[in-house]
Amino acid sequence: MKRLKITNDHGWTPRTLRKQERKIRNTLLRQRVMAVRLVMEGYLGKEVVSMVNVCRQTVSHYVSLFNEGGLELLLHRDFAPEREPFLTEEQQEEIKQLVLTTTPAELGWDVASAWNTKLLQSYVEKHFGVCISHEALRKLLHRKGLSWTRPTYTLAKGDPDRQKHFEKQIDFIKKLNGS
């Protein structure tokens, strides 16, 4: 078996690669850098395989990517070019604006006060004729900068005068109890 070798370090040292490794949040990409760093430090391919927990061909592929184009090529991930997105960019933006500006109840879609992936899935199927999974919708919203939060209850009509009166009563009770 041929020993894996870094033929072009592109100015990277094991130490700088380790620093870069710590900055990378994506586990799979961090794993790529770790594999290359370990080979650069002199570990055998089979040792790296057991440390990183991938097959030898994968480690070899990571090393060849790094040799060819450095860290940039190693961290670059292409997705299948023939894969068309479920929704156009305009449709995705429309969904984002829908989630940000309206509620399902306002549209007469449901009694819910906030969107969830199940409701959005139904909405997308009806309006765009596209069947999309909950997970694909979740990822789409995440790519658009949205994240899930638990809805909180807020009073639609609060009387400011009654609120001030209540606060005064609470303050009075606190003074009586010596708090």
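## Terms and model

A residue is called buried when its relative accessible area is under 20%, exposed when that area is over 50%, and partly exposed in between, with a 1.4 Å probe and only protein chains taken into account. By this scale Glu93, at 31% relative accessibility, counts as partly exposed.

The structure is a predicted model, in which local features need pLDDT of at least 70 and side-chain atom pairs count only at pLDDT 80 or more, while totals for chains, interfaces and linings use all residues. Residues are numbered from 1 along each chain as its sequence is written, and side-chain values use heavy atoms, with hydrogens and water left out.

## Two helices in contrasting settings

Helices are DSSP runs (H or I, at least four residues) numbered from the N terminus, strands being runs of E with at least two residues. Helix 2 covers residues 27-40, and its 14 residues reach 20 Å from the first C-alpha to the last, close to the 20 Å expected at 1.5 Å a residue; the expected span is 1.5 Å times one less than the number of residues. Of these 14 residues 10 are buried, so helix 2 is largely enclosed by the rest of the structure. Among the buried residues of helix 2 are Leu29, Val33, Leu38 and Met40, and also the charged-type names Arg32 and Arg37.

Helix 8 has 18 residues, which should span 26 Å at 1.5 Å a residue, and its end C-alpha atoms are indeed 26 Å apart. The number of buried residues in helix 8 is 0, so this helix lies largely in the open. Just after helix 8, Gly178 takes a positive phi of about 80 degrees.

## A nonpolar patch

Phe166, Ile170, Phe172, Ile173 and Leu176 make a nonpolar surface patch of about 520 Å². Patches are built from residues with over 30% relative accessible area and no salt bridge, where nonpolar side chains (Val, Leu, Ile, Met, Phe, Trp, Tyr) are joined within 5 Å and like charges within 9 Å; the areas come from the Shrake-Rupley method with a 1.4 Å probe, and for residues only the protein chains shown count as cover. One member of the patch, Ile173, is placed in helix 8, residues 160-177, and is partly exposed with a relative accessible area of 45%.

## Salt bridges

A search of the whole structure finds 6 salt bridges, each being a side-chain nitrogen of Lys or Arg within 4 Å of a carboxyl oxygen of Asp or Glu. Glu89 forms one of them with Lys144, the closest N and O atoms being 2.4 Å apart. This pair links distant parts of the chain, since Glu89 is in helix 5 (residues 89-101) and Lys144 is in the loop between helix 7 (134-143) and helix 8, 55 residues apart. Lys144 is buried, with a relative accessible area of 14%, whereas Glu89 is partly exposed at 48%. The side chain of Lys144 also meets that of Glu93 in a salt bridge of 3.5 Å, N to O. Because Glu93 lies in helix 5 and Lys144 in the loop between helix 7 and helix 8, the pair ties together parts that are 51 residues apart in sequence.

Another salt bridge joins Glu135 to Arg138, with the closest N and O atoms 2.7 Å apart. Both residues lie in helix 7, 3 residues apart, or about one turn of the helix. Salt bridges that share partners also join Arg18, Glu21, Arg37 and Glu41 into one network.

## Aromatic rings and cysteines

The whole structure holds 1 aromatic pair. Trp115 and Tyr123 form this pair in an edge-to-face arrangement, 5.7 Å centre to centre and with 75 degrees between the planes. Rings of Phe, Tyr and Trp (its six-membered ring) pair if their centres lie within 6.5 Å, and planes under 30 degrees apart count as stacked, over 60 as edge-to-face and the rest as tilted. Trp115 is buried at 12% relative accessible area, and Tyr123 is buried at 9%.

The search finds 0 disulfides, a disulfide being a pair of cysteine sulfur atoms within 2.5 Å. Cys55 is partly exposed at 40%, and Cys131 is exposed at 58%.

## Positive phi outside glycine

His10, although not a glycine, has a positive phi of about 50 degrees, and is found in the segment before helix 1. Asn53 likewise has a positive phi, near 65 degrees, and sits in the loop between helix 3 (45-52) and helix 4 (56-75).
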